[in-house]
Each structure stands twice: as C-alpha cells, then as structure tokens.
Amino acid sequence: MASRRMESSNYRNPCITMHQPWASLLVYGIKRIEGRSWPSPIRGRLWIHAAGKVPEPDTVKAMEEFYREIYKLNGVTDIKFPEHYPVSRLLGCVDVVGCLTCEELVNWEAIPASVRVEGQTAFCWLCEKPQRLIVPFEMRGFQGVYNLEKKIYEAAVRGLSSVKAPQPVTFPLPDPRDRFSLKPGSLASFPSCTSASAEEKPPSLVAAIAGARAAATQFSKNNIAGAPKIVSIEGNGKPISSRTRDKSKEWVPVQRAGGDTPDSSSSKIGL
C-alpha cells in the first residue's frame, strides 16, 4: 500500500489523454468506468484531455447507443449527450476513487447494474464527481498519466463547472479511512461482492455491447499490455521522461516527444 501511495504522490495535477467520444462521455458523467489494461496509479482528481483524432460518426453513434442501453437497466432514459466532441482540448476532470479488476466490478452488487456492465476491461478505474470546463483549453497531450503544466492547471481549475450526471454513483470504500482501500483484490471478502449474475441480457443490450467493442478495436491494434508509461512534465509542458520496455524487458527511462497521442496500452471502450 505504501508503494501505491508513493506512486500517486509523483503526480501533482495528473491528466490522461483519451480518444473521443470516450473523453467527453467521461467528463459529462455518462461514463463512470475508465477501462485500462493497467491499474490506476492515482487517487483523486484526474484531468481529461481529448486526443487529436476526430471521431467517426459511426463510433459516436455506437457509444451513445451503448450507454442508452445500459442505463435502461436502471430505468434511466433521459440522457443528455454532448452536442460536440472537441479534439486536442482539455475537457475537464473526474475523481478516481478506486480501481478494480473486471471480475470484481461485474460481481459487485452494491453498485447499479448499468455500472457493472461497463466492466469490460482488465482494470476498471472508478470515477466520480465529473466536472467540465466551460471553455475547453487547446493543448497537446502525452501518453500515459502525466502532470499538467502549472499555468494550464491554474487557468483550468478556475473554469470548471459541475455536471448533472444521468445517474451519479458513489463507490463505497471497504475502509473509509483509507482512500487506497478500493484496489484490485480488495473485494474478495466484501459482503456485496457475489458470483456473477446468470441473468440473460436483452438482445438490444447484447448488440450495443458488440457495437461498443467494435468501435474500440480501431484504437487497440497496437495495444501493449503492462504498466503505464509515467511522464513528467517540465514547466514548458515538454515530457522529460517516461518508461518503456527494452529488449531485456526491463523498465528504463527514455526521452520522448509529445503529441496528441493517447496511451496505446489503454482500452478505449472504457467499460
């Protein structure tokens, strides 16, 4: 646990770059689970930046249909989707309150069924308290979780607006005194974590899940499983180091140029 706290403390104003429409869906509070192939290294506020790729209309349609279908599981039908999905912009932030494996999330009966269906990836980052920027900031993104440049953070934090999510969720911590208590493996003995439900999904939901997965595959061709690439940002917004694998499969520091490129090890379905 100490190592996790130490890793989280490496970030001052952590940010992650994501493809659209997943980025906007997260800051609008529609998306509550950020799916990744690696566990979250942080707790607390995480800034969300949209990558530079303009989303295809079919991708937007597939993801909006996915969320319409899963919200129906809890009787929620009034969902206000973003009118626009801006790119190369800092959009807002969420609070990461925990991280679970997919198996733990889908079996956790203490949370709404619609949230459990979002669990489709190896690790599920649990997100609460979405806030969006009234005026999104144009900026460059980097791979992995990185620190926002100080002057961008100071301007952004003044422009946040609360979001009225369609179904806000509070994820209960196993130990309310320890913000890192909701971590992979922590629900093994949790009273409300039971075996997976054998209930049959309605055909429309099955189709929506398939459509969302298909939409995500366009970004996962070069998916690299493993730990996140951790990037530090100098005062001028340049990345100064990251971690990647060499031929001996050891983590070594390297220099890398920046760009509007989200982490290739992420799962863009974000379920």
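## Buried residues, salt bridges and a pocket

Leu25 is buried, with a relative accessible area of 0%, and its place is in helix α2. The structure described here is a predicted model, and every value in this report is to be read with that in mind.

Once the neighbours within four places in sequence are left aside, Leu25 is in contact with Ile30, Lys31, Met63, Tyr67, Phe81, Pro82 and Tyr85. Of these partners, Pro82 stands 57 residues from Leu25 in sequence, while the two C-alpha atoms are 7.4 Å apart in space.

A second buried residue is Ile70, which is found in helix α3 (residues 57-72) and has a relative accessible area of 0%. Not counting residues up to four places away in sequence, Ile70 touches Arg32, Ser114, Val117, Glu118 and Leu205. The contact with Leu205 joins positions 135 residues apart along the chain, and the C-alpha atoms of this pair are separated by 6.8 Å.

Two of the residues that Ile70 touches, Arg32 and Glu118, also form a salt bridge with each other, in which the closest N and O atoms are 2.9 Å apart. Arg32 lies in the loop between α2 and β2, and Glu118 in the loop between α5 (113-117) and β5, so the pair ties together parts that are 86 residues apart in sequence. Arg32 is buried, and Glu118 is buried as well.

In the model as a whole the count of salt bridges comes to nine. Three of the pairs are set out below, each with its N to O distance.

| Salt bridge | N to O distance |
|---|---|
| Arg32 and Glu118 | 2.9 Å |
| Glu64 and Arg68 | 3.8 Å |
| Arg177 and Asp175 | 3.2 Å |

Glu64 and Arg68 both lie in helix α3, where they are four residues apart, about one turn of the helix. Glu64 is buried, with a relative accessible area of 14%, whereas Arg68 is partly exposed, with a value of 35%. In the pair formed by Arg177 and Asp175, Arg177 counts as exposed at 78% relative accessibility, while Asp175 is partly exposed, with a relative accessible area of 24%. Beyond these pairs, Lys31, Glu34 and Arg36 are linked in a network of salt bridges.

Glu34 and Arg36 also belong to strand β2 (residues 33-36), both faces of which are covered. In a regular strand the side chains alternate between the two faces of the sheet. Here Ile33 and Gly35 are on one side and Glu34 and Arg36 on the other, and all of them are buried. Strand β2 runs antiparallel to β5, and four bridges join the two strands; within this pairing, the bridge partner of Gly35 in β5 is Cys124.

Strand β5 appears again at the second largest pocket, in which about 200 Å³ of space lies. Of the 13 residues that line this pocket, the closest to its centre are Tyr28, Pro82, His84, Pro86 and Arg132. Pro82 has already been named as a contact of Leu25. Helix α2 (22-27) and strand β5 (123-138) each supply at least two residues of the lining, and β5 gives the most, with three residues. Sorted by class, the lining of the second largest pocket has eight nonpolar, two polar and three charged residues.

Terms used: Residues numbered from 1 in each chain as written. Predicted model: local features only at pLDDT ≥ 70, side-chain atom pairs only at ≥ 80, totals over all residues. Heavy atoms only, no water. 1 Å grid on protein atoms, 1.4 Å probe; cavity = no way out; pocket = protein on both sides within 12 Å on 5 of 7 lines; lining within 4 Å. Points joined across faces, edges and corners; volume = space filled by probe spheres on them. Nonpolar A, V, L, I, M, F, W, Y, C, P; charged D, E, K, R; others polar. Buried < 20%, exposed > 50% of the residue type's maximum accessible area, 1.4 Å probe, protein only. Pairing = 2+ DSSP bridges. Contact = heavy atoms within 4.5 Å. Salt bridge = Lys/Arg side-chain N within 4 Å of Asp/Glu carboxyl O.
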